[in-house]
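Open the model in your viewer and keep the selection panel at hand. The stops below go from one residue outward to its chain and then to the partner chain.

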Amino acid sequence: MTQSAGLLIQLSHIKKRGVDDWLCLFLSGLMGLTVLLLLLIVAFLILEAWPAIHGDGWRQFLRSDGWYPLEGKLGLLPMFWASIAVGVGALLVALPFGLGSAVFIAYYAPKVIGKPFAGVITLLAGVPSVVFGLWGLTELVPLVNQWHPPGASLFTAIIVLAIMILPTISLTSYSALLALPTQLQLNSAALALSKKTMVVGVLIPAAWRGITVGVLLAIARALGETLAVLMVAGNVVQMPTGLFEPVRVLTANIALEMAYATDNHRAALFASGLMLMFVVFLIALGASKLSKKEMSPI
Amino acid sequence: MINRLFTLLIWGLASCVLFAFGWLMVDVLVQGVPMLSLDFLTSDPIRSGRAGGIYPIIVSTFLILGVALTIVLPIGLGSAIWLCEFSNKDSKIVSTIRLSLDVLAGVPSIVFGLFGYAFFCGFLELGFSILSGGLTLACMMLPILIRTTEAGLAAVPNEWRRAGAALGLSRTTLLWRVLIPYAAPAITAGLLLSIGRATAETAALIFTSGYVDRMPESLADSGRSLAVHIYDLSMNVVGGDKAAYGSALVLIMFIVSINLLANALSESWMQKRVSRQ
């Protein structure tokens with residue numbers, strides 16, 4: 001009896017092994033499909049951008065005589081610097097508010113306020129970018145226009161983008177602060193440090209890794225944002241010289257001109273897409289180096 | 001004194017954030033709510049959307065989402081299960097795949113739009129269609145879905161896998177009866193989040209699913225998603241702001257309910273984990 005039962009288990013084991021092998025094969029097939037898709041995306045972008053970048057072609061993007069695709073002048077520099085200016089500006093504005101609200105939820109807010117406040121930030125993270133754009137276009141641009149015409153400008157883009165990336169900074173900083181050992185707070189209390197000294201001198205430095213990851217993710221989002229920026233930045237191709245000048249960023253340029261671009265112009269747009277992808281690659285590499293732990297992309 | 005000032009500063013920063021959020025929300029509600037009616041949801045747009053409703057746009061949005069999900073669900077879940085349960089975690093290839101998924105999750109959506117425009121619309125000759133749009137969205141959702149599903153599976157304690165092996169369960173049974181049920185709320189939460197992302201997407205859809213605001217006749221027809229509709233109304237249609245706010249309210253309500261559902265799911269899952277430990 002026991003013998004046959006043992007055999008049965010053995011037999012069924014062998015049979016199930018077969019199922020396992022099939023499953024493994026099936027799943028590897030799906031994984032292979034994913035990998036293929038990843039390669040396809042990169043390969044196709046490179047293929048489309050190739051006419052503009054092969055040989056010395058990429059040098060034409062560094063020309064200083066501007067972006068006049070119909071005349072074959074494809075200087076990307078003004079838009080590159082505009083992207084950097086908008087991204088860095090938004091980060092500088094968003095960082096104090098994001099970090100401040102993370103500190104607020106973690107250490108300052110009474111429980112009754114802290115939880116709904118965290119909920120508000122999570123909600124803010126879910127608002128679609130096109131809604132931010134709509135709000136910026138109909139509320140912020142007229143307001144800035146009264147102050148410093150024309151309204152649609154680098155400044156407006158920075159403000160809208162800052163509000164968009166604030167939740168990313170705030171939520172990652174908050175979870176980094178939350179993950180700190182309680183010992184740090186107890187020790188600070190034992191040393192009779194003031195609350196300000198504890199937060200600025202002990203807790204924020206201890207959580208810098210997580211905070212930096214949040215900042216990197218926020219930069220990636222800021223550089224990649226397209227329509228919200230397109231709607232409020234004015235889209236004039238020029239070097240960003242003043243805070244209230246209209247600018248056009250790389251992503252907006254792709255969205256505006258893709259519809260009618262041909263030949264070299266089209267290849268140049270793909271090349272700028274490739275460039276964005278490369279920058280995001282560097283940022284993701286940095287973020288994964290910083291956070292040794294598993295990190296979800298959201 | 002400095003301590004007081006710092007406390008004041010923190011409260012000040014937090015209230016500024018609250019103020020910005022309040023401004024945005026009040027604006028959308030005040031301008032959006034008067035537009036909202038059953039008629040708005042069930043009639044066709046008139047004069048490029050200045051009047052009329054958004055019925056065909058809602059239908060197109062769900063069709064695009066449906067196409068994307070049909071593609072992304074099997075591939076994404078399968079890949080995540082392979083990565084977490086069947087792959088050799090230390091191998092160079094697996095960590096390269098992980099890094100490329102992380103990179104892809106952060107790639108700007110307009111770049112996916114470029115790819116979709118060149119590959120699906122151009123190379124595969126699908127044209128501006130719901131199919132192209134859905135496939136492009138699928139590419140965008142894939143890395144997010146894989147990474148969240150994988151994180152959900154990775155959080156299943158290893159003892160369960162050992163116990164399963166000790167009971168002589170096949171890996172298929174273990175996966176089907178133990179790991180997936182345990183990780184289901186986390187997987188669903190990840191899925192909902194990527195649906196939210198996809199619904200909010202505009203840049204990747206403008207050049208793939210197109211601009212046409214009439215009722216799509218088939219998946220090969222062009223269809224305008226809700227987010228693209230808002231963009232078009234506010235940028236290209238003079239006097240379309242009211243309808244844009246109405247559509248924005250509908251979009252936000254949809255995404256907020258999806259996010260709330262995702263939060264509730266992952267919270268209940270966290271509690272389950274804590275109580276079982």
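Select Gly246(B) first; its place is in helix H11 of chain B, residues 241-276. Bear in mind throughout that the model is predicted.

Is Gly246(B) buried or exposed? Gly246(B) counts as buried because 25 other C-beta atoms lie within 10 Å, and the cut-off for a buried residue is 20 or more.

Next, keep Gly246(B) shown and add Gly32(B), Met35(B), Leu36(B) and Phe40(B). These are the residues in contact with Gly246(B) once neighbours within four places in sequence are left aside. Then add Val30(B): 216 residues separate Val30(B) from Gly246(B) in sequence, yet their C-alpha atoms are 9.8 Å apart in space.

Now select the whole of chain B. Colour by secondary structure to find eleven helices and two strands. Following the sequence, the order is α-α-β-β-α-α-α-α-α-α-α-α-α. The C-alpha trace of chain B spans about 70 × 70 × 35 Å along its principal axes. Chain B has 277 residues, and 50% of them count as buried. Among contacts in chain B with a separation of 6 or more, 75% join residues 24 or more positions apart.

For the last stop, show chain A together with chain B. Where they touch, chain B contributes 75 residues and chain A contributes 71 residues. Select residues 2-32 of chain B, which form helix H1: the largest share of chain B's side, 16 residues, comes from this helix. By class, that side of chain B has 55 nonpolar, 15 polar and five charged residues.

Key
Residues numbered from 1 in each chain as written. Chains lettered and ligands numbered in written order. Predicted model: local features only at pLDDT ≥ 70, side-chain atom pairs only at ≥ 80, totals over all residues. Helix = DSSP H or I, 4+ residues; strand = E, 2+ residues; numbered from the N terminus. Buried ≥ 20, exposed ≤ 12 C-beta atoms within 10 Å, placed from the backbone. Contact = placed C-beta atoms within 7 Å. Nonpolar A, V, L, I, M, F, W, Y, C, P; charged D, E, K, R; others polar.
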